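Please look through the chain shown here before working the exercises, and try each task yourself before reading its solution.

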Amino acid sequence: MLRLLSFALFLVIWWIAALFVGGAKLPSPPAVLEVMIAEASSGALFLHLGATLARVILAFVLAMSLGSAIGYLMGRVRLADKLGDPWLILLLNLPALVVIVLAYIWAGLTEAAAIAAIAINKLPTAVVTLREGTRALDRSLDEMASVFAMPRWRAFRHVVLPQLAPYIAASARSGLSLVWKIVLVAELLGRPNGVGFEIGVAFQLFDTPRLLAYSLTFAAVVFVIETLLVQPFEARATRWRPRAA
């Protein structure tokens, strides 16, 4: 109910602001809804949303897989941490726009270049989170697994992974929010479809209702995924932790 009330308050503020500013700069909710319905009826809205979501999923899975593996290695092996830390600092401080532009220059305006650029921007945050999670592992539990001669994979599955689960969940949640933003920039600069591409077209035409229609639809999809997938996963991953009274 609180979320619904918050959404209703947002609509009221938007509508009042549209009355003061004018429809040319800030169209009213019904005007934006009309564009949404028109784009959905033509199929364009679902086509571009699907393209964007596909890029998000591919880049996110790639970044999380590599980032988790590299972060775990850097957390366990001191030499790997010393060798990888300068590259990690570089990637953390390299602007996303630079990575995307270089990827398009070096690999061309291709789908692979866009996905790789998005994944590279997400990669260092995943590495840092999992490295810190690995450093925080309880060494006494490792000793216990050794004493009971647990196979390495079984020890990883039942001893290490449950301790890393909260860090994986935190990395996934923060990383997903980062990927949502970066994918729109990549589409704006060099893809022929997607929500970012449509936002770029709307900007060139000064078509504010269309820009808001695609932006808000994308935001709604992100909200649904966050509510139905990400938050339950994070709650499940951290369910063993004691809660504050």
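The exercises below concern a predicted model, and each task is followed by a solution in steps.

**Exercise 1.** Decide whether Leu97 and Ala165 are buried, partly exposed or exposed, and state which helix holds each of them.

*Solution.* Begin with the location: Leu97 lies in helix α5, while Ala165 is found in helix α8. Next take the cut-offs, under which buried means a relative accessible area under 20% and exposed means over 50%, with partly exposed in between. Leu97 has a relative accessible area of 47%, and therefore it is partly exposed. Ala165 has a relative accessibility of 19%, so it counts as buried. As a last step, consider the partner of Ala165 in space: Thr238 is 73 residues away from Ala165 in sequence, yet the two C-alpha atoms are 7.2 Å apart.

**Exercise 2.** Find which residues make the nonpolar surface patch of about 700 Å², and work out which element gives the largest share.

*Solution.* First list the members, which are Leu97, Val101, Ile105, Trp106, Val185, Leu188 and Leu189. Then assign them to elements: α5, which covers 96-107, and α8, which covers 152-190, are the elements that give two or more residues to the patch. Finally compare the shares, and the largest, four residues, turns out to come from α5.

**Exercise 3.** Describe the largest nonpolar core, naming the residues with the most contacts inside it and the helix that gives the most to it.

*Solution.* Start with the extent of this core, which has 32 residues, and with Ile118 and Phe218, the residues that have the most contacts inside it. Six helices, namely α3 (44-76), α5, α6 (111-135), α8, α9 (195-204) and α10 (208-237), each supply at least two of its residues. Among these contributions that of α3 is the greatest, with eight residues. Turning to Phe218, and leaving aside residues up to four places away in sequence, one finds that it touches Leu49, Thr52, Trp180, Val183, Leu184 and Val195. There is also a second, separate core of six residues, which includes Trp14, Val35, Met36 and Ala213.

**Exercise 4.** State which residues UniProt lists as "transmembrane region", and examine the backbone over residues 47-75 and 211-233.

*Solution.* Consult the record first: the unreviewed UniProt entry lists residues 47-75, 87-106 and 211-233 under this name. In the model, residues 47-75 are 100% helix and 0% strand, and their end C-alpha atoms lie 41 Å apart. Residues 211-233 are likewise 100% helix and 0% strand, with 32 Å between the end C-alpha atoms.

Technical notes: Residues numbered from 1 in each chain as written. Predicted model: local features only at pLDDT ≥ 70, side-chain atom pairs only at ≥ 80, totals over all residues. Heavy atoms only, no water. Patch = residues over 30% accessible without salt bridge, like charges linked within 9 Å, V, L, I, M, F, W, Y side chains within 5 Å. Areas by Shrake-Rupley, 256 points an atom, 1.4 Å probe, with all protein chains shown as cover. Salt bridge = Lys/Arg side-chain N within 4 Å of Asp/Glu carboxyl O. Buried < 20%, exposed > 50% of the residue type's maximum accessible area, 1.4 Å probe, protein only. Core = buried A, V, L, I, M, F, W, Y, C linked by side-chain atoms within 4.5 Å. Contact = heavy atoms within 4.5 Å. UniProt positions renumbered as here; feature names shortened; annotations may be inferred.
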